[in-house]
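Reader: I have just started looking at protein structures. Could you help me learn how to read one?

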Amino acid sequence: MCRKQTDIFSLKDNRIVEDLLNVIFKLKNSKGYGGGQTSIPAFTATLSKDLTPPVNQIIIFDSVKTNIGGHYSSSTGVFTSPRNGLYMISATMRSTASKHLHCELWVNEAMKEKIFGTNLSTGTVNAVLQLKTGDKVFIRKDHRSGEGIIGRDWSMFSGYFIA
């Protein structure tokens, strides 16, 4: 009986390894692996300084850590989807002391998720989004005024192509 269980687990492990190797092979052969225009789009940017943004303003994460494909703009704070597909988008915002912080994740003209933090805490959003080529993704301050965001790399915006 122990022999059969071992054989089943070995067979299952071999299938998993084979599946992973097939995925790697497909990525390499589709030129989706590595640099260049066909690479997998991904970005991470942080806020370098504390900020008290005006209401309804896009938050510009000015310190770019990763920007594969160059689809995130540190001058506008907007990620532009280079192709159709599923994307993982994340943001973490840290509020200033004794203050609330309300921000939102937007795609084009539609608010998708809300982010909230208070008194030095962080609010985080993680969303899998179906995007089309040219869609604009950004974090925006909501309609409440006088709220502050801690920068110094405590607040960030990130995303990558899944499939």
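Reader: Which residues touch the most other members in the largest nonpolar core?

Author: Happy to help, and keep in mind that this is a predicted model. The core has 25 residues, and those that touch the most other members are Phe61, Met93, Leu105, Val137, Ile139 and Phe157. Strands E1 (42-46), E4 (85-95), E5 (100-107), E7 (122-131), E8 (136-141) and E10 (156-161) each give two or more residues to this core.

Reader: What does Met93 touch, leaving out residues up to four places away in sequence?

Author: Its contacts include Phe61 and Ile139, and both of these are also on the list of residues that touch the most other core members. Among the other contacts of Met93 are Ile59, Leu101, Cys103 and Ile149.

Reader: Is E5 mostly covered or mostly open?

Author: Mostly covered: seven of the eight residues of E5 are buried. As a general idea, side chains in a regular strand alternate between the two faces of the sheet.

Reader: Which strands pair with E5, and in what sense?

Author: E5 pairs with E6 (residues 110-118) in the antiparallel sense over eight bridges, and with E8, also antiparallel, over five bridges. On the E6 side, Val107 has Ala110 as its bridge partner. On the E8 side, Cys103 stands opposite Lys141 and Trp106 opposite Phe138.

Reader: How many residues lie between E5 and E6 in their hairpin?

Author: Two, and Asn108 in that turn has a positive phi of about 55°.

Reader: In what order do the strands of the open sheet run?

Author: The order is E3-E8-E5-E6, with antiparallel pairing. E3 (79-80) and E6 are the edge strands, each pairing on one side only.

Conventions. Residues are numbered from 1 along each chain as its sequence is written. This is a predicted model: local features need pLDDT of at least 70, side-chain atom pairs count only at pLDDT 80 or more; totals for chains, interfaces and linings use all residues. Side-chain values use heavy atoms; hydrogens and water are left out. A nonpolar core is a set of buried Ala, Val, Leu, Ile, Met, Phe, Trp, Tyr and Cys residues joined through side-chain atoms within 4.5 Å. Buried means under 20% relative accessible area, exposed over 50%, partly exposed in between (1.4 Å probe, protein chains only). Helices (H or I, at least four residues) and strands (E, at least two) are DSSP runs, numbered from the N terminus. Contact means heavy atoms within 4.5 Å. Two strands pair if DSSP finds at least two bridges between them.
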